[in-house]
Amino acid sequence: WDFGGQEIMHATHQFFLTKRSLYILLIDARQGEKLSRLEYWLKIIQTYGGDSPILLAINKTDQHQINLNEKFLTKKYPNIKGFYNISCKTENGLNKLKTAIKTHINELPHVHDILPKTWFDLKQQLENMRRDFISHDDYLTTCKKHHITESNLQQILIKLLHDLGVVLNFRDDEKHPQLRDTNILKPSWATDAIYKLINCNILFKNKGILEIKQLSNLLDTKDYSEDKHNVLLQLMEKFELCFKMPDMEQESYLIADLLDPQEPDLNWDDDDCLRFEYHYDVLPNSVFSRFLVRAHKHISQKTYWLTGVMLAHENNKALIKADIEDKKIMIWVNGTHQTRRVLLGIIRSEFKVIHDSFAKLIIKELIPYKTTHITYNRLLKLEQKKIKTEYLDEIDENIDVQELLNGLSDSENREQERKEKRMSDDKSIHFHGDVKNVNVANGEEVEQNMTVNEAGKTKDDDKPKPEWAGYLKLTLQILATLASIGIASAALYKLFIE
């Protein structure tokens, strides 16, 4: 993939930035390290792509030379595998870069996994089709023509093709029925249209409002006939780029990244508000735009702009603002004291879904208090240890731990947060759990219990503890699609070889 680095494109990066990838980060030698936002992009790749290898290419070195602190960058971002001074004009250094690309692709996990030849034959047929997408029934028919008849193998294969970027498949999407029944054979068909819409001056002037009837004029009718518009809109909804607007004369959608950047007059009083903040090491632009789309049912009186929104629930209102430069999102909730934590809970639950979708996004949850900030996670730990007060040196004052926490959420929700945090920490260390061994070559289930450890290998003991039941359920779901998402290469290799 080659995609735009312009800010307006950032919301679409979730289409491209995945873990099973090699990244070539291209910067302009004439602009230098700061103007190229080098570390921003390195953090973005880590956030979306995990530990995927990165080759750093410095272009236009025939016109200008820059000296990067390579040792510092490599230590801070260990997935950088090399620095390459190139000139696309003179072609100097391109052969070295090409060799490095081949070498590191060859070293990626799963590149050498053994797969049935029939899968490659089907992949080639799908790629050669002239159609932009096919129905799920047509996909199943095509599978049977290639003697891939087992249902579980058909699902594993389509997920694998989705991960590889050959098709876009959303079979698990219950909210968008037409998208669920569609396999997009040309991912560029979707991304080209979305790029065109988010770069459309007409929609920008209209502050992001897209009337469905406009699509026939904005997109080439040869490639995007009217019967395909719903698939495209459902895809944009799926990726949280837009939402359907209620109470409009013409059926319309709002594209969040095209909103007016100007903050309206709010008549908002910050005094006596429940406050909460998220601070990030890097704040992807899509975090706030996705939140606005996810929370659109609670928007108060159509009050929103590019980096802010006002929400309402019962007798409470909330103001949420993103400060992209300072990498933080700020929340104020006013109204009835007894219920405002409910609205804060709704807001935090939406942000949690978004945060969990990033691989390595570092986030601090903070409570503004007088002239300082208190770490929310620290308060949870103090509560767990039954510590009632904490001295804050910054303000020379003791704080009441329970009073602060009760203002934010009830005790049951906090206990659930602690459990989820423990589970998250455990998952980051290892995977294990009793599973069935599936012979992928013929689709048979072998009734052989095995335990997958952190290396992806098996052993017969290590019985899970009862309190891990919820985690084991998640592990089983992950392992069920192991062939497509490739978490444990050793286990995947064993499945295919058998």
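Which residue takes a positive phi in the hairpin of strand 17 and strand 18? In this predicted model, the residue is Asp 396, whose phi is near 55°, and the legends below begin with the whole chain before they come back to that hairpin.

**Figure 1. Overview of the predicted chain.** The chain has 498 residues, of which 47% are buried, and its secondary structure consists of 20 helices and 21 strands. Among contacts in the chain with a separation of 6 or more, 65% are made by residues that lie 24 or more positions apart. The chain exposes about 27000 Å², and 48% of this area is supplied by carbon and sulfur atoms.

**Figure 2. The hairpin of strand 17 and strand 18.** Strand 17, which spans residues 389-392, runs antiparallel to strand 18, which spans residues 397-400, and four bridges join the two. Leu 392 has Glu 397 in strand 18 as its bridge partner, and the hairpin has four residues between its strands. Asp 396 is found in this loop between strand 17 and strand 18, where its phi is positive, at about 55°, although Asp 396 is not a glycine. For comparison, most residues other than glycine have a negative phi. Asp 396 counts as exposed because its relative accessibility, 58%, lies over the 50% cut-off.

**Figure 3. Gln 301, a residue with positive phi in a strand.** Gln 301 is placed in strand 11, which covers residues 299-305. Its phi is positive, at about 50°, and Gln 301 is not a glycine. With a relative accessible area of 69%, Gln 301 is over the 50% cut-off and is therefore exposed.

**Figure 4. The start and the buried side of helix 16.** At the start of helix 16, a side-chain oxygen of Asp 400 reaches to within 3.2 Å of the backbone nitrogen of Gln 402. Helix 16 comprises residues 401-408, and its buried residues are Val 401, Leu 404, Leu 405 and Leu 408. These residues lie on the same side of helix 16, because they cover an arc of only 95° around the axis.

**Figure 5. The largest nonpolar core, with Ile 320 and its contacts.** The largest nonpolar core holds 69 residues, and the members that touch the most others are Phe 291, Ile 320 and Phe 351. Helix 2, at residues 38-49, gives the most to this core, contributing seven residues. Leaving aside neighbours within four places in sequence, Ile 320 is in contact with several residues, including Phe 288, Phe 291, Leu 311, Ile 329, Met 330, Ile 347 and Phe 351. Thr 307 and Gly 308 are also among the residues that Ile 320 contacts. A second core, separate from this one, has 31 residues, among them Ile 194, Leu 197, Ile 198 and Ile 212. As a general background to such views, nonpolar side chains in soluble globular proteins tend to be buried together.

**Figure 6. His 146 and the residues it touches.** His 146 lies in the loop that runs between helix 6, at residues 136-145, and helix 7, at residues 151-163. With a relative accessible area of 16%, His 146 falls under the 20% cut-off and so counts as buried. When residues up to four places away in sequence are not counted, His 146 touches Thr 118, Asp 121, Leu 122 and Gln 125. The side chains of His 146 and Gln 125 make a polar contact at 2.5 Å. Leu 122 is 24 residues from His 146 along the chain, and the C-alpha atoms of these two residues are separated by 6.5 Å.

**Figure 7. An open sheet of three strands.** The strands are arranged in the order 4-6-5, and their pairing is antiparallel. Strand 4, at residues 133-135, and strand 5, at residues 168-169, are the edge strands, each of which pairs on one side only. Strand 5 is joined by two bridges to strand 6, at residues 182-184, and this pair runs antiparallel. Asn 169 stands opposite Asn 183, which is in strand 6.

**Figure 8. Asp 28 in strand 1.** Strand 1 covers residues 23-28 and contains Asp 28. Asp 28 counts as buried because its relative accessibility, 14%, is under the 20% cut-off. The side chain of Asp 28 reaches the backbone nitrogen of Arg 30 at 2.9 Å.

Notes. Residues numbered from 1 in each chain as written. Predicted model: local features only at pLDDT ≥ 70, side-chain atom pairs only at ≥ 80, totals over all residues. Heavy atoms only, no water. Buried < 20%, exposed > 50% of the residue type's maximum accessible area, 1.4 Å probe, protein only. Polar contact = N/O pair within 3.5 Å; in protein donor to acceptor, adjacent residues only side chain to side chain. Contact = heavy atoms within 4.5 Å. Core = buried A, V, L, I, M, F, W, Y, C linked by side-chain atoms within 4.5 Å. Pairing = 2+ DSSP bridges. Arc of directions from axis to C-beta. Areas by Shrake-Rupley, 256 points an atom, 1.4 Å probe, with all protein chains shown as cover.
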